[in-house]
Amino acid sequence: MSDLILEHAELEPADVEWLHLLVGDWQVISDLAFADLVLWLPTADGRFVALAQCRPSTGSTVHYDDIVASYAPEGQRPQLQRAIEETRAQRAREPRWFGAYAVREEAVPVVHKGRAIAVVSRQTNLGSGRTPSRLELNYVEAADDLVAMIARGEFPLPNAATGPRRGAPRVGDGLIRLNSEGEVLYASPNALSCFHRLGVIGPLGGQPLVEVVARVVERQANPVDESLPLVVMGRAPWRTDIEARGVALSLRAMPLTDHGQRIGAVLLCRDVSELRRRERELITKDATIREIHHRVKNNLQTVAALLRLQARRMDVPEAREALEEAMRRVATIALVHESLSQTLDEVVELDDMVGRALRLTADVASAQTQVRMVRNGSFGLVPAQDATPLALVLTELVTNAVEHGFPGRPSGTVGIDVERSGSDLRITVSDDGVGLGPADDGTPGGGGPGSGLGTQIVRTLVQNELGGTIDWAAREGGGTQVELRLRLRDGGGRTS
């Protein structure tokens, strides 16, 4: 829509935003009017191009094919032009025929700040030919009020509750018409059913809706939304929920105005009891999962602390070193669970977590050498099932480089380069140390991949857990370079 506007007209940003707000909320009007809505934009050469269209979910459509980006037929242009020039709605005296059925047309100017910037064509299929019911008459009257507001620049409503939202009420879910005092003029059968489930007995017509709702909620211990009175009186274009007797209703108010004076309101309602119940179950499950991750993290940190205490008591250097390595591995897994305990999603923001783990690894493993960590690129969001093995692999590789790559050197550099494309991940861990030696014991300075415990852990995790590949090579300019290639599992296509 924005591209079409830029191509065919020069509108101010505020006008463009007004049209977007209109299109974002005109499905209600289409359903109330049982009519197709088409937004026409006048072009510099005197024609009208269709910016958007909306089909009713309550009746037959006029346009079975999409007409967006097409031009208005010549026979329709005079009506659209008069709506722009006179800044008032234009209704055709005779219906226009679309093949085998007749269509009643009305052109409504879209007014913003006193200027007509576009035209909405309201096209009603007259093919049914039956007498409208009371419900349909009330729907159409409400639509007429909203259409008139478009022509006066009073619709779309400022601060309206537009946009997608789970459980948002629609026209067919239930409709109540209110007068300027908040009294019920008409309630559709579905709306009556919704309020009967709340415990409201008898008809709603003629009663102030706010008093009806007050009698319901005063018997409940649940907290009441502060916006509820304004919504049920039709004074504010907001959404709110009512919960009573185990039933939840979602309400949306659409105030009706005439030159700034409130003349009534349209209230849409929907029974969302089952939806709210499922949402509460999901929240409970999410909280439980987060608590589990938190407890696992605490337990792993306890295990790491016990390993650290045991290592301090060991007199044999090899045993102390083995316990310290085990402690670092457990601490790395604990960091992953800590990240999972802070989010509702089963994905980990790996950049921050890996940064903390590698800084800890470098500080602990390089007591005699000043090691600088350099990272380029971003891991993004990584699925939980891949985050733990990947973090362990990186910890092992960096630990190996720090402990064995800089013997007798006061400083060194370890770099991690990350390239990500969707779910494909390429990671290069390199150091400027002594490089691969002639032996094959799996450590820098001693050869390529061999049978050391660290190398075995890395190989097992990369090949079995991550389903990727790993290659050791000499780094150009001296040192060692390890390249990982893998594809993240489902959920790994998102990047931060």
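# A walk through the predicted chain

At 16% relative accessibility, Phe34 counts as buried, because the cut-off for that class is under 20%. Phe34 lies in the loop that runs between α3 (27-33) and β1 (35-42). Its phi is near 55°, which is a positive value in a residue other than glycine. The model in which this residue is seen is a predicted one.

A second residue can be set beside Phe34. His259, too, has a phi near 55°, again a positive value in a residue other than glycine. His259 is placed in the loop between β10 (247-258) and β11. With a relative accessible area of 64%, His259 is exposed, whereas Phe34 is buried. Another backbone feature is found at Phe155 and Pro156, which are joined by a cis peptide bond with an omega of about 10°. Pro156 belongs to the loop between α5 (134-151) and β7.

Some totals give the setting for these residues. The chain contains 13 helices and 18 strands. Of its 496 residues, 48% are buried. Contacts between residues at least 6 apart in sequence can be sorted by separation: 61% of them join residues at least 24 apart.

Gln76 gives a local view of such surroundings. This residue sits in the loop between β2 (48-54) and α4 (77-86). Gln76 has a relative accessibility of 2% and therefore counts as buried. Leaving out residues up to four places away in sequence, Gln76 touches Trp40, Arg96, Glu105, Ser121 and Gln123. With one of these, Arg96, there is a polar contact between side chains, at 3.5 Å.

Helix α7 (residues 209-217) shows how burial can be arranged along an element. Its buried residues are Leu209, Val212, Val213, Val216 and Val217. Viewed down the axis of α7, these buried residues fall within an arc of 125°, so they line one face of the helix. The spacing along the sequence fits a general rule. An α-helix has 3.6 residues a turn, so residues three or four places apart point the same way. What do the buried residues of α7 pack against? Their partners are the helices α6 (189-198) and α8 (228-232), together with the strands β7 (175-179), β8 (184-187), β9 (239-244) and β11 (261-271).

Further along the chain, strands β15, β16 and β18 can be taken together. Strand β15 (residues 411-421) runs antiparallel to β16, and eight bridges join the two. They form a hairpin with two residues between the strands. Gly422, in the turn, has a positive phi of about 65°. Across this pair, Asp417 stands opposite Thr428 of β16. β16 also pairs with strand β18 (residues 480-487), in the antiparallel sense and over eight bridges. Here Val429 has Val482 of β18 as its bridge partner. Strand β16 (residues 424-431) has six of its eight residues buried, so it is largely enclosed by the rest of the structure.

Gln481 offers a closer look at β18, the strand in which it is placed. Its relative accessible area is 28%, and Gln481 is therefore partly exposed, because that class covers values between 20% and 50%. Apart from its neighbours within four places in sequence, Gln481 is in contact with Thr428, Val429, Ser430, Asp471, Trp472, Ala473 and Arg475. Val414 is 67 residues from Gln481 in sequence, while the C-alpha atoms of the two are 9.8 Å apart in space.

Trp472, one of the contacts of Gln481, leads on to the empty space inside the model. Rolling a probe the size of a water molecule over the atoms shows where empty space is left. How many cavities of 30 Å³ or more are there? The count comes to two. The second largest has a volume of about 30 Å³. Trp472 lines this second largest cavity along with Glu396, Leu397, Asn400, Gly454, Thr455 and Val458. Two helices, α12 (384-405) and α13 (453-465), each supply at least two residues of that lining.

Methods
Residues are numbered from 1 along each chain as its sequence is written. This is a predicted model: local features need pLDDT of at least 70, side-chain atom pairs count only at pLDDT 80 or more; totals for chains, interfaces and linings use all residues. Side-chain values use heavy atoms; hydrogens and water are left out. Helices (H or I, at least four residues) and strands (E, at least two) are DSSP runs, numbered from the N terminus. Buried means under 20% relative accessible area, exposed over 50%, partly exposed in between (1.4 Å probe, protein chains only). A polar contact is a pair of N or O atoms within 3.5 Å; within protein, one must be able to donate a hydrogen and the other to accept it, and residues adjacent in sequence count only if both atoms are side-chain atoms. Contact means heavy atoms within 4.5 Å. The arc is that of the directions from the helix axis to the C-beta atoms. Two strands pair if DSSP finds at least two bridges between them. On a 1 Å grid over the protein atoms alone, a cavity is a set of points where a 1.4 Å probe fits but cannot get out, and a pocket is an open set with protein on both sides within 12 Å along at least five of seven lines; lining residues have an atom within 4 Å of a point. Grid points are joined across faces, edges and corners, and a volume is the space filled by probe spheres set on the points.
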